[in-house]
Every structure is written in structure tokens, then in C-alpha cells.
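Here is a short walk through one structure, written for someone who likes to follow along in the viewer. Keep the sequence at hand as you read.

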Amino acid sequence: MIKFQSYDDNRGSLVVAETEKEIPFDIKRLYYIYDVGSEAERGFHSHKKLEQVYIGIHGRMKVSLFDGVNKREIVLDDPKQGLYIGHNVWRTISEFSSDAVLLVAASEHYSEEDYIRNYDEFVASLKK
Ligand code: TYD
């Protein structure tokens with residue numbers, strides 16, 4: 001997990017993430033996901049090239065990762081932490097709290113060609 005610098009005082013909290021410091025790539029894109037139903041699951045893909053940092057800036061969600069060897073489950077519930085996800089990692093996101101907001105910093109612009117959305121294709125791609 002990446003720990004962000006935070007500035008907390010009686011006015012609230014301010015959290016900073018900078019490229020070349022906490023974020024290990026140049027950020028080309030941000031997106032965020034919210035209003036997710038408690039039963040909904042998202043993701044179910046890997047990326048050929050894209051790197052991302054997931055930040056659970058509000059509420060709670062569970063991220064499940066599989067790189068072909070290791071499986072990991074990470075609960076994101078701390079806005080001061082980020083989860084780095086490299087390329088060739090299958091991810092699913094589930095168990096969103098009703099107030100959950102997931103902010104994602106990405107290393108590339110959106111490209112559907114960079115996605116592998118079929119699990120068998122993902123497994124086959126690792127053997128190449
Ligand atoms: P999708 O990849 O299915 O979301 P998730 O992985 O969280 O389940 O994306 C949902 C839709 O949004 C899909 O039609 C593609 C579109 N989209 C963009 O146009 N640009 C983006 O940067 C992202 C992340 C998604």
C-alpha cells in the first residue's frame with residue numbers, strides 16, 4: 001500500500017499524492033466510481049499496459065487481485081492510502097459500502113484495446 005502525506009488539523013484533513021513521489025507513473029487520467037449497489041461487482045478485467053493507483057477516498061470497498069500466481073484481497077477504507085495495480089493483474093471490486101467513492105489514477109488515456117475482459121484470455125496471456 002502507498003501511504004500519502006496528510007495534513008490534519010481542526011479544519012479537517014488534506015491528503016496529497018504526487019507523481020514521482022507516491023504515484024509511480026505520470027498520471028494521464030483520473031476517474032471515480034460511486035453509487036455502487038451493495039451487491040454489485042465491478043472490474044473483471046486486466047490491462048496489458050496500464051498501471052493504476054486505487055484510492056478509496058470515502059467509504060469502503062474490497063479489491064481482489066490475481067497476477068497468475070498470487071491472489072490478494074485488500075479492503076480500501078482509508079483515504080490516506082493507495083493501492084498500486086500494475087499491468088497483467090486480474091481485478092474485481094466488490095462489497096462497496098453505500099457511501100463508497102473509489103478514485104483511480106491511471107498511467108494512460110482510456111483505450112479499450114488495453115483491456116482483457118475474458119478470464120480465459122487473461123490466463124492464456126500470462127503463459128505467452
Ligand atoms: P468498465 O471498465 O466496465 O468499469 P469497471 O471496470 O469499473 O467495471 O467501464 C464502464 C464504462 O465506462 C465502459 O463503457 C467504458 C467506459 N470508460 C470510459 O469511457 N473511460 C474510462 O476511462 C473508463 C475507466 C471507462
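A residue is called buried when its relative accessible area is under 20%, exposed when that value is over 50%, and partly exposed in between. Ser94, at 7%, falls under the 20% limit and therefore counts as buried. Please keep in mind that this is a predicted model.

## Two serines under cover

Ser94 belongs to strand S10, which covers residues 90–94. Beyond the residues up to four places away in sequence, Ser94 touches Ala40, Glu41, Met61 and Lys62.

Ser64 makes a good companion to look at next. This serine sits in strand S7, residues 61–66, and with a relative accessible area of 16% Ser64 is buried. Which residues does Ser64 contact, leaving aside its neighbours within four places in sequence? They are Arg72, Glu73, Trp90, Arg91 and Thr92.

## Around the ligand

Now turn to the ligand. The residues around it are Arg29, Tyr31, Ile33, Arg42, Gly43, His45, Tyr110, Tyr115 and Arg117. By character, this shell divides into four nonpolar, two polar and three charged residues.

Several side chains place a polar atom beside an oxygen atom of the ligand. For Arg29 the separation is 2.4 Å, for Arg117 an N or O atom of the side chain is 3.0 Å away, and for His45 the corresponding value is 3.3 Å. The ligand taken alone exposes 550 Å², and the protein buries 59% of that area. Which elements give two or more residues to the shell around the ligand? They are strand S4 (29–34) and strand S5 (42–47).

## Salt bridges

How many salt bridges does the count come to? The count comes to nine. The table gives some of them, with the N to O distance for each.

| Pair | N to O distance |
|---|---|
| Asp8 and Lys80 | 3.0 Å |
| Arg11 and Asp9 | 2.8 Å |
| Lys62 and Glu73 | 3.5 Å |

The salt bridge between the side chains of Asp8 and Lys80 has its N and O atoms 3.0 Å apart. Asp8 is in strand S2 (residues 5–9), while Lys80 is in the loop between strand S8 (71–76) and strand S9 (81–85), so this pair ties together parts that are 72 residues apart in sequence. Both ends have some access to the surface: Asp8 is partly exposed with a relative accessible area of 42%, and Lys80 is partly exposed at 22%.

For the pair of Arg11 and Asp9, the side chains meet at 2.8 Å. Here Arg11 is exposed, at 74% relative accessibility, whereas Asp9 is partly exposed at 40%.

In the third pair, Lys62 and Glu73 have their closest N and O atoms 3.5 Å apart. Lys62 lies in strand S7 and Glu73 in strand S8, so the bridge ties together parts that are eleven residues apart in sequence. Are the two partners buried or exposed? Lys62 is buried, with a relative accessible area of 14%, but Glu73 is exposed at 57%. These two residues also take part in a network of salt bridges that links Arg60, Lys62, Glu73 and Glu95.

Both residues have already appeared in the account of the serines. Glu73 is among the contacts of Ser64, and Lys62 is among those of Ser94.

## Loop residues worth a look

Asp77 is found in the loop between S8 and S9 and is partly exposed, with a relative accessible area of 48%. Leaving aside neighbours within four places in sequence, Asp77 is in contact with Gly59 and Arg60. Arg60 is also a member of the salt-bridge network. Asp77 and Val16 are 61 residues apart along the chain, and their C-alpha atoms are separated by 17 Å.

Finally, check the backbone at two other loop positions. Glu20 is not a glycine, yet has a positive phi of about 70 degrees. This residue lies in the loop between strand S3 (12–16) and S4, and Glu20 is exposed, with a relative accessible area of 71%. Asn88, likewise a residue other than glycine, has a positive phi near 60 degrees. Asn88 is in the loop between S9 and S10 and is partly exposed, with a relative accessible area of 27%.

Conventions
Residues are numbered from 1 along each chain as its sequence is written. This is a predicted model: local features need pLDDT of at least 70, side-chain atom pairs count only at pLDDT 80 or more; totals for chains, interfaces and linings use all residues. Side-chain values use heavy atoms; hydrogens and water are left out. Helices (H or I, at least four residues) and strands (E, at least two) are DSSP runs, numbered from the N terminus. Buried means under 20% relative accessible area, exposed over 50%, partly exposed in between (1.4 Å probe, protein chains only). Contact means heavy atoms within 4.5 Å. A residue is near a molecule or strand if one of its heavy atoms lies within 4 Å of it. A polar contact is a pair of N or O atoms within 3.5 Å; within protein, one must be able to donate a hydrogen and the other to accept it, and residues adjacent in sequence count only if both atoms are side-chain atoms. Accessible areas come from the Shrake-Rupley method with a 1.4 Å probe; for residues, only the protein chains shown count as cover. Ala, Val, Leu, Ile, Met, Phe, Trp, Tyr, Cys and Pro count as nonpolar, Asp, Glu, Lys and Arg as charged, and the others, Gly among them, as polar. A salt bridge is a side-chain nitrogen of Lys or Arg within 4 Å of a carboxyl oxygen of Asp or Glu.
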